[in-house]
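Here are my notes on the structure, written as numbered points for someone who is meeting it for the first time. Please keep the sequence and the 3D view open while reading, and look up each residue as it is named.

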Amino acid sequence: MAGELQSGRPGSRRSRTGKAVALARLLHRDCTRLLELYKEKESFPSEHSLETDRILSLCVSSPDLSMDERVWLHHSALQQCLRLLEYVIGREEELEGEGGGEYESVRNSVRERLGHLLHSTRVLLEKEEEDNVPTPDPDCNKDVDVDEGDGVFGVKLWIYRVLQELIHWTHSASETLHTFHSEREAREQERRGSESEGAEI
């Protein structure tokens with residue numbers, strides 16, 4: 001991971017994309033750990049899994065999206081994930097009060113790193129030409145309905161689903177950002193090769 005964080009010149013586009021990839025991967029691991037801790041805290045069976053539809057979905061208007069558009073769509077999904085996580089934190093504090101255990105520590109770390117990842121992905125897109133920055137579909141930013149089911153147990157199941165959603169989207173974002181980073185690396189190498197050939201002529 002250290003190599004990813006330090007790839008490229010300091011402040012360069014390559015170093016920014018490399019850092020975003022490393023951050024997304026770290027966040028995905030944190031989200032996976034958060035769900036494990038939640039299972040332990042709420043005594044869910046370790047093999048328990050909720051096979052349900054996604055809470056969030058990407059608003060894809062075309063199957064042939066550019067990489068910038070894919071990053072933007074993931075940025076929108078992660079924004080909604082942060083809203084859901086903020087709601088989860090509020091509901092848990094209502095039900096249980098503020099705690100100081102590992103679960104709360106990892107949960108707060110996930111919230112903080114998710115905010116950093118949102119900032120990083122937005123900066124990556126803003127560095128592109130203004131005309132190339134995708135315009136988000138307004139429906140992509142609408143609030144997600146909260147389905148807590150019946151009673152306290154329904155709330156706990158809904159929180160479980162939100163944590164699964166965080167795992168899904170942070171993994172998907174890390175894969176997309178990795179491809180985004182690789183494509184930029186390839187373009188940079190091609191540009192340097194062309195410059196070298198021109199200098200030799």
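1. The side chains of Asp-30 and Arg-113 form a salt bridge, with 2.3 Å from N to O. This pair joins distant parts of the chain, since Asp-30 belongs to helix α2 and Arg-113 to helix α4, and the two are 83 residues apart. The model is a predicted one, and the distance of 2.3 Å for this pair is a value computed from it. Asp-30 counts as buried because its relative accessibility is 14%, and the cut-off for buried is under 20%. Arg-113, at 26% relative accessibility, counts as partly exposed.

2. How many salt bridges are there by this rule? The count comes to ten, and besides the pair of Asp-30 and Arg-113 they include the two described in the next point, Lys-41 with Glu-42 and Glu-96 with Lys-156.

3. Lys-41 and Glu-42 meet through their side chains in a salt bridge of 2.7 Å, N to O, while the side chains of Glu-96 and Lys-156 do so at 3.7 Å, N to O. Glu-96 lies in helix α3 and Lys-156 in helix α5, so this second pair ties together parts of the chain that are 60 residues apart in sequence. These four residues, Lys-41, Glu-42, Glu-96 and Lys-156, are linked in a network of salt bridges. Within the network, Glu-42 is buried with a relative accessible area of 18%, and Lys-156 is buried with 19%, whereas Lys-41 is partly exposed at 30% relative accessibility and Glu-96 is partly exposed at 39%.

4. Turning to the overall fold, the protein has five helices and zero strands, and from the N terminus on its elements run α-α-α-α-α. Of the contacts in the protein with a separation of 6 or more, 83% are between residues 24 or more positions apart. Buried residues make up 42% of the 201 residues, and the protein exposes about 11,300 Å², of which carbon and sulfur atoms supply 47%.

5. Which residues touch the most other members of the largest nonpolar core? They are Ile-159, Leu-163 and Leu-177, in a core that holds 44 residues. Helices α2 (13-42), α3 (67-96), α4 (102-126) and α5 (151-200) each supply at least two residues of this core, and α5 gives the most, with twelve residues.

6. Leu-177 deserves a separate look in the viewer, being one of the three residues that touch the most other core members. When its neighbours within four places in sequence are left aside, Leu-177 is in contact with Ala-20, Val-21, Ala-24, Val-71, Leu-117, Thr-121 and Leu-124. For a reader tracing such lists along a helix, it may help to recall that an α-helix has 3.6 residues a turn, so residues three or four places apart point the same way.

7. Helix α3 allows a simple check of its geometry: its 30 residues should span 44 Å at 1.5 Å a residue, and the C-alpha atoms at its ends are 42 Å apart, which agrees. After α3 comes Gly-97, whose phi is positive, near 80 degrees. Trp-72 lies in helix α3 and is buried, with a relative accessible area of 9%. Although Trp-72 and Leu-124 are 52 residues apart in sequence, they are 9.7 Å apart in space, C-alpha to C-alpha.

8. Why do Cys-31 and Cys-81 not form a bond with each other? The sulfur of Cys-31 is 8.0 Å from the closest cysteine sulfur, that of Cys-81, which is too far for a bond, because a disulfide needs the two sulfur atoms within 2.5 Å. By this rule the count of disulfides comes to zero. Both cysteines are nevertheless buried, Cys-31 with a relative accessible area of 2% and Cys-81 with 1%.

How values were computed: Residues are numbered from 1 along each chain as its sequence is written. This is a predicted model: local features need pLDDT of at least 70, side-chain atom pairs count only at pLDDT 80 or more; totals for chains, interfaces and linings use all residues. Side-chain values use heavy atoms; hydrogens and water are left out. A nonpolar core is a set of buried Ala, Val, Leu, Ile, Met, Phe, Trp, Tyr and Cys residues joined through side-chain atoms within 4.5 Å. Buried means under 20% relative accessible area, exposed over 50%, partly exposed in between (1.4 Å probe, protein chains only). Helices (H or I, at least four residues) and strands (E, at least two) are DSSP runs, numbered from the N terminus. Contact means heavy atoms within 4.5 Å. Accessible areas come from the Shrake-Rupley method with a 1.4 Å probe; for residues, only the protein chains shown count as cover. The expected span of a helix is 1.5 Å times one less than its number of residues.
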